[in-house]
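Q: Could you take me through one part of this protein slowly, as if we were both looking at the screen? I would like to see how that part sits within the rest.

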Amino acid sequence: MLWWISSEPEARGRGVGRALLGSALQLLTELGASDVILFVDDDEPGGERDRTAANRLYDASGFIEYDRLHSYRLER
């Protein structure tokens, strides 16, 4: 199971995310995984946690969006 991959902002655009994802997918295949589900926190584009580039990587890697999960919180 893969919970999280990330690269530091100064390392982005250098293929680090692609290498991390590729290594994770290779290991999952070696462990016998036949399906991979990727969960993404898709924050507002342009914000501090903008996932636009990551989403392009997932698309280019063959992932297909099939669901959106909405989370709700009640602050008291």
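Here is the request in full, followed by one connected answer.

Q: Please look closely at helix α2 and the segment after α2. Where does Leu-57 lie, and which residues does Leu-57 touch, not counting those up to four places away in sequence? How many aromatic pairs are there, and how many salt bridges does a search of the whole structure find?

A: Happy to. Please keep in mind that this is a predicted model.

Let's set the scene. The secondary structure comes to 2 helices and 0 strands. The helices are α1, covering 16–30, and α2, covering 52–60, with a loop between them. The protein has 76 residues, and buried residues make up 12% of them. Its accessible surface comes to about 7100 Å², with 52% of that belonging to carbon and sulfur atoms. If we take the contacts between residues at least 6 apart in sequence, 42% of them join residues at least 24 apart.

Leu-57 is a good place to begin, and it lies in helix α2. Its relative accessibility is 12%, and therefore Leu-57 counts as buried, the cut-off being under 20%. Leaving out residues up to four places away in sequence, Leu-57 touches Gly-17, Arg-18 and Leu-21. With α1 running over 16–30, you can follow these contacts from one helix to the other. For Arg-18 there is also a backbone distance: its C-alpha atom is 6.9 Å from that of Leu-57, although 39 residues separate the two along the chain.

Now step along to Tyr-58. Tyr-58 is also buried, at 12% relative accessibility. The count of aromatic pairs comes to 1. That pair is Tyr-58 with Phe-63: the ring centres are 6.3 Å apart and the planes meet at 75°, so the arrangement is edge-to-face. An angle over 60 degrees is what earns that label. Phe-63 is buried as well, with a relative accessible area of 19%, so it falls under the 20% cut-off.

Further on, the picture turns to exposed residues. Asp-67 lies in the segment after α2 and is exposed, with a relative accessible area of 57%. Asp-67 and Phe-39 are 28 residues apart in sequence, while their C-alpha atoms are 9.7 Å apart in space. Phe-39 in turn belongs to a nonpolar patch on the surface, formed with Ile-37 and Tyr-66, and together the three have about 440 Å² of accessible area. Within that patch, Ile-37 comes from the loop between α1 and α2 and is exposed, at 53% relative accessible area.

That leaves the charged side chains. Side chains of opposite charge can pair when their charged atoms come close. A search of the whole structure finds 2 salt bridges. One joins the side chains of Glu-65 and Arg-68, at 2.8 Å from N to O. The other is between Arg-73 and Glu-75, whose closest N and O atoms are 2.2 Å apart. Glu-65 and Arg-68 are both exposed, and so are Arg-73 and Glu-75.

To put it together, Leu-57 is buried with contacts to Gly-17, Arg-18 and Leu-21, Tyr-58 and Phe-63 form an edge-to-face pair, and Tyr-66 shares a surface patch with Ile-37 and Phe-39.

Technical notes
Residues are numbered from 1 along each chain as its sequence is written. This is a predicted model: local features need pLDDT of at least 70, side-chain atom pairs count only at pLDDT 80 or more; totals for chains, interfaces and linings use all residues. Side-chain values use heavy atoms; hydrogens and water are left out. Patches are made of residues with over 30% relative accessible area and no salt bridge: like charges are joined within 9 Å, nonpolar side chains (Val, Leu, Ile, Met, Phe, Trp, Tyr) within 5 Å. Accessible areas come from the Shrake-Rupley method with a 1.4 Å probe; for residues, only the protein chains shown count as cover. A salt bridge is a side-chain nitrogen of Lys or Arg within 4 Å of a carboxyl oxygen of Asp or Glu. Helices (H or I, at least four residues) and strands (E, at least two) are DSSP runs, numbered from the N terminus. Buried means under 20% relative accessible area, exposed over 50%, partly exposed in between (1.4 Å probe, protein chains only). Contact means heavy atoms within 4.5 Å. Rings of Phe, Tyr and Trp (its six-membered ring) pair if their centres lie within 6.5 Å; planes under 30 degrees apart count as stacked, over 60 as edge-to-face and the rest as tilted.
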